[in-house]
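Hi,

Here is the structure I said I would pass on. Have a look at it first, and my notes follow underneath.

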Amino acid sequence: MFGLKKLLIRKVMERKLKDMSAGQREQMLDLVTKNPDFFNNLAKEIKAETKKGKPEMAASMEVMRRHQGELQKLMMGK
């Protein structure tokens with residue numbers, strides 16, 4: 001079951017990130033598949049902010065700023 005979940009996440013991410021370069025897309029896919037709970041929490045926080053009336057982009061930026069340190073650690077491979 002876990003393998004199927006990973007595959008589904010990967011396919012959805014590939015579709016969403018189609019405009020990124022192949023290298024960037026692979027890096028994002030690796031981050032999300034290795035840390036699905038963290039990114040799921042980010043999505044939940046963004047959704048909560050949009051329900052409060054914020055535009056999705058503004059909500060995303062705010063949530064990303066809140067978790068900037070964690071994101072940097074993930075991007076650096078720590």
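**What I found**

Starting with the fold as a whole: of the contacts (heavy atoms within 4.5 Å) between residues at least 6 apart in sequence, 31% link residues that are at least 24 apart. Before the rest, the ground rules. This is a predicted model, where local features need pLDDT of at least 70 and side-chain atom pairs count only at pLDDT 80 or more, while totals for chains, interfaces and linings use all residues. Residues are numbered from 1 along each chain as its sequence is written, and side-chain values use heavy atoms, with hydrogens and water left out.

**Confidence and layout**

The mean pLDDT (the predictor's confidence in each residue, from 0 to 100) is 87 for the chain, and 96% of the residues reach 70 or more. The secondary structure is 5 helices and 0 strands, counted as DSSP runs numbered from the N terminus (H or I of at least four residues for helices, E of at least two for strands). Read from the N terminus, that gives α-α-α-α-α. Among these elements, helix H1 (residues 2-16) has the lowest mean pLDDT, at 77, and helix H4 (residues 56-66) has the highest, at 94.

**Overall numbers**

Along the principal axes, the C-alpha atoms fill a box of roughly 35 × 25 × 25 Å. The chain has 78 residues, and 22% of them count as buried; buried means under 20% relative accessible area, exposed means over 50%, and partly exposed is in between (1.4 Å probe, protein chains only). About 6100 Å² is exposed, with carbon and sulfur atoms supplying 58% of that. Those areas come from the Shrake-Rupley method with a 1.4 Å probe, and for residues only the protein chains shown count as cover.

On charges, there are 18 positive and 10 negative ones, and their mean positions are 2 Å apart. Lys and Arg count as positive and Asp and Glu as negative, without His or the chain ends; each charge is placed at NZ of Lys, CZ of Arg, CG of Asp or CD of Glu.

**Helix by helix**

What span should the 13 residues of helix H2 (residues 22-34) have? At 1.5 Å a residue the answer is 18 Å, and the end C-alpha atoms are indeed 18 Å apart. The expected span here is 1.5 Å times one less than the number of residues. Leu29, Leu31, Val32 and Thr33 are buried in H2.

Helix H3 (residues 36-51) holds Asn40, which is partly exposed because its relative accessibility is 37%. From Asn40 to Gly69 is 29 residues in sequence and 17 Å in space, C-alpha to C-alpha. Lys47 is in H3 too, and with 52% relative accessibility Lys47 counts as exposed. Lys47 and Ala22 lie 25 residues apart in sequence and 27 Å apart between C-alpha atoms.

In helix H5 (residues 68-76) you will find Leu71. Is Leu71 buried or exposed? Buried, because its relative accessibility is 16%. Setting aside neighbours within four places in sequence, Leu71 is in contact with Phe38, Phe39, Leu42 and Met64. Leu71 and Ser60 are 11 residues apart in sequence and 13 Å apart in space, C-alpha to C-alpha.

Met76 is in H5 as well, and at 65% relative accessibility Met76 counts as exposed. Its C-alpha atom is separated by 27 Å from that of Glu49, 27 residues away along the chain.

Cheers
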